[in-house]
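Welcome to a short set of exercises on strands, helices and domains. Have your viewer ready and try each task before you read its solution.

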Amino acid sequence: MTVAPLLILAVGNPSRGDDALGPRLLERLADEPKVVAGDIELLTDFQLQIEHALDLVGRQGVIFVDAQVGLQEPFRFSQLLPAPDPSPHSHALSPRAVLATYAQLYGAPPPAWLLAIRGEHFELGAGLSQASDQALADAHHWLAERLRQGNLAE
Amino acid sequence: MNGDLETAKDATKLRRIAIEPVTRVEGHGKVTILLDDQHRVHQVRLHIVEFRGFERFIQGRPYWEVPVMVQRLCGICPVSHHLAASKALDKVVGVQQVPRTAELVRRLMHYGQILQSHALHFYHLSSPDLLFGFGSDPGPRNVVGVLAAYPDIAKQGVLLRKFGQEVIRITAGKRVHGTGSIPGGVNKSVSPEDREELLRPLPEILEWAQAGVRLVAALHQQHQDLYDHFGTVPSSLLSLVAKDGSLDLYDGVLRAKDHQGAIIFDQVEPQDYLTRLQEEVRSWSYMKFPFIESLGPSEGWYKVGPLARVQNCDRIGTPLAEAARQELLAAAPGHLVHAPLAYHWARMIELLHSAEVIQELLAEPELGGSELVGKGPRGGGGVGIIEAPRGTLIHHYQVDDQDLVTLCNLIVSTTHNNQAMNEAIRQVARQYLDGHEPTEGLLNHIEVAIRAFDPCLSCATHALGQMPLVVELQDPSGQVVARLSRGVEPIG
């Protein structure tokens, strides 16, 4: 089975305030020409787990999209290298730990990036905060442009 | 019992240690321990702070939205909420028994969920402790460390988990936020192609599941004294069983046994749960403490989950898992097993059982049937109970004439186990911390006891940078005199 060369994997719970930033970004990318053409696959989940390493098989690249607390800027795009979590917390893995899991299973993982979007409030049943809504728009505009150009360099 | 460790006599003269949140446990949990100057333990409490707001999130919504929306309560076992809500709301659409095809599809979805959740728990969350030791170097004490040291075991865990996810994808329609189960039935059956896809890897899945049971049984037998006594406190047990007394994780009647195995109640229909169970509120905890009404709040607490289920039932209806269950029972002849670490053994027995049940379900011709939804006279509410991976899960709804939910009462498995987890960590604190300078390794013993129950402390967010483990040591005036932080996700 062939897979799309680029995977964009968004993480978050749509009903927990700014945790929805990742899934909401993917909704906005659904009409992108490369997505429609099958060159980019969009995948969303509540949180990252060990089996997400298997979603990376056969890819030329992967972009993780997640809400992040403590960011100064609205969003940050950075390259990721495999690394185990210092100590696993909760039932979720970090993007780096997913890459490390892949590396243990299959060797060097595909190039990977993290698009972190600033989030502040995560209450059950809450929507996006106003500031996060703007951060989402900024992140979407930036990433869509990069995808159209085919340029993911930081 | 460790009731004297629930509240210290004079907390003002004690040092306070907070473990917040508990690592490798979903959501937001915190353990506080009060010590005196000689490191004697005076108070131990597990606080779970994330269960507020569940009912409010659901009330006021149209009932047909609920099976989808409740999946957002939990990122780890959304399928359990999806199915428990569907079962409760079957009664609202007047369906006491869903069509045979719908029940088979729901069962397949549920056992896929149990399999993937148990695989995650054992291979990812618990095996680092069990394989490396509770007090070992925390550096490799994680799933990547297990992958490096035990690559075959860890890879089996990843692939078992993936198989369970595939069962869910096929039956629920999507990997996450599935819509497969609806009030009254399901919205799709399983095609022959999908059935073939799931049957293909099953021989390997069954082999790995058996290997998993052998591994955990061997660990138990190699360290029998530790496994038998670590955090062990006898209690009653609660679970669903089939009406014939066999293990059934999808449906049945409530049964409770006392700590010696005598039946407290049996054959209690789900809608009558409030006649047997009550909940107590305590000032220091957001989470309620359920108890068996006839025993009262101090004696009526109980355990739920795999260890309760495999001992509450009379038998398991699949041969490999039943043989494995007999081996567990033989480890404690003549009495029930109450050791928290035996949860891991029971969990792997249930994982094996789930693989066997999935095999049986895939052989059912009606799994691909066309009668998907039942009909009946509209009802005003219902109760749905299911055995989720971590234990008994109760959903109770009332719906008004406008189809809006007016009452929602959820008792999740972690709430059922609230007292049991508190008792276990008090016992561990007494056994290992009392009189010793607290170290990371010793504090991890507390977390090992909590992880054995596999609590879901609601499904909090996982956002990057958000969930550090913080251990604070405070002097009697509340000033922080030492602070240790680990597990902080690097930013950027």
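**Exercise 1. Two domains in contact**

What distance separates the centres of domain 2 of chain B and domain 3 of chain B, taken over C-alpha atoms?

*Solution.* Keep in mind that you are working with a predicted model. Start with the bounds: domain 2 of chain B covers 95-232 + 341-375, and domain 3 covers 234-338. Taken over C-alpha atoms, their centres are separated by 21 Å. Next, look at the contact, to which domain 2 of chain B brings 21 residues and domain 3 of chain B brings 18 residues. On the domain 2 side, the elements giving two or more residues are helix H4 (100-132), helix H8 (202-222) and helix H13 (342-362) of chain B. H13(B) gives the most to that side, with 11 residues. Finally, sort that side of domain 2 by class: there are 11 nonpolar, five polar and five charged residues.

**Exercise 2. A helix pair from domain 2**

Work out how H8(B) and H13(B) are arranged, and list the residues that make their contact.

*Solution.* Begin with the axes of H8(B) and H13(B), which come within 9 Å and cross at roughly 165°. Angles over 145 degrees count as roughly antiparallel, so this is how H8(B) and H13(B) run relative to each other. The handedness of their crossing is left-handed. Now collect the residues. H8(B) supplies Leu202(B), Ile205(B), Leu206(B), Ala209(B), Gln210(B), Gly212(B), Val213(B), Val216(B), Ala217(B) and His220(B). From H13(B) come Ala342(B), His344(B), Trp345(B), Met348(B), Ile349(B), Leu351(B), Leu352(B), Ala355(B) and Gln359(B). By class, this contact has 14 nonpolar, five polar and no charged residues.

**Exercise 3. Another helix pair**

Do the same analysis for helix H15 (residues 418-433) and helix H16 (residues 440-453) of chain B.

*Solution.* The axes of H15(B) and H16(B) come within 9 Å, with a crossing angle of roughly 155°. The two helices are therefore roughly antiparallel, and their crossing is right-handed. On the H15(B) side, the residues in contact include Ala420(B), Ala424(B), Val428(B) and Tyr432(B). Their counterparts in H16(B) include Leu442(B), His445(B), Ala449(B) and Phe453(B). Sorted by class, the contact has 13 nonpolar, one polar and no charged residues.

**Exercise 4. A sheet of three strands**

Which strands of the open sheet S13-S14-S15 (chain B) stand at the edges, and what packs on the sheet?

*Solution.* The pairing in this sheet of three strands is antiparallel. Strand S13 (381-388) and strand S15 (405-411) of chain B each have a single partner strand, so they stand at the edges with one side lacking a neighbour in the sheet. Neighbouring strands are turned by 10° against each other on average, direction ignored. Helix H3 (residues 78-90) of chain B packs on the sheet and touches S13 and S14 of chain B. The direction of H3 makes about 150° with that of S13(B). For the pairing itself, six bridges join strand S14 (residues 391-399) of chain B to S15(B), and His396(B) stands opposite Asn409(B).

**Exercise 5. A sheet of four strands**

Describe the pairing in the open sheet S9-S8-S7-S12 (chain B).

*Solution.* Overall, the pairing in this sheet is mixed. One antiparallel pair is strand S7 (residues 236-241) with strand S8 (residues 253-257) of chain B, joined by five bridges. Within S8(B), Ala256(B) is the residue opposite Leu238(B).

Key: Residues numbered from 1 in each chain as written. Chains lettered and ligands numbered in written order. Predicted model: local features only at pLDDT ≥ 70, side-chain atom pairs only at ≥ 80, totals over all residues. Pairing = 2+ DSSP bridges. Axes fitted to C-alpha atoms, helices over the stretch in contact; angles between N-to-C directions. Contact = placed C-beta atoms within 7 Å. Domains from an automatic or database assignment. Nonpolar A, V, L, I, M, F, W, Y, C, P; charged D, E, K, R; others polar. Parallel < 35°, antiparallel > 145°, perpendicular 65-115°, else oblique. Left-handed = near helix turned anticlockwise from the far one by under 90°.
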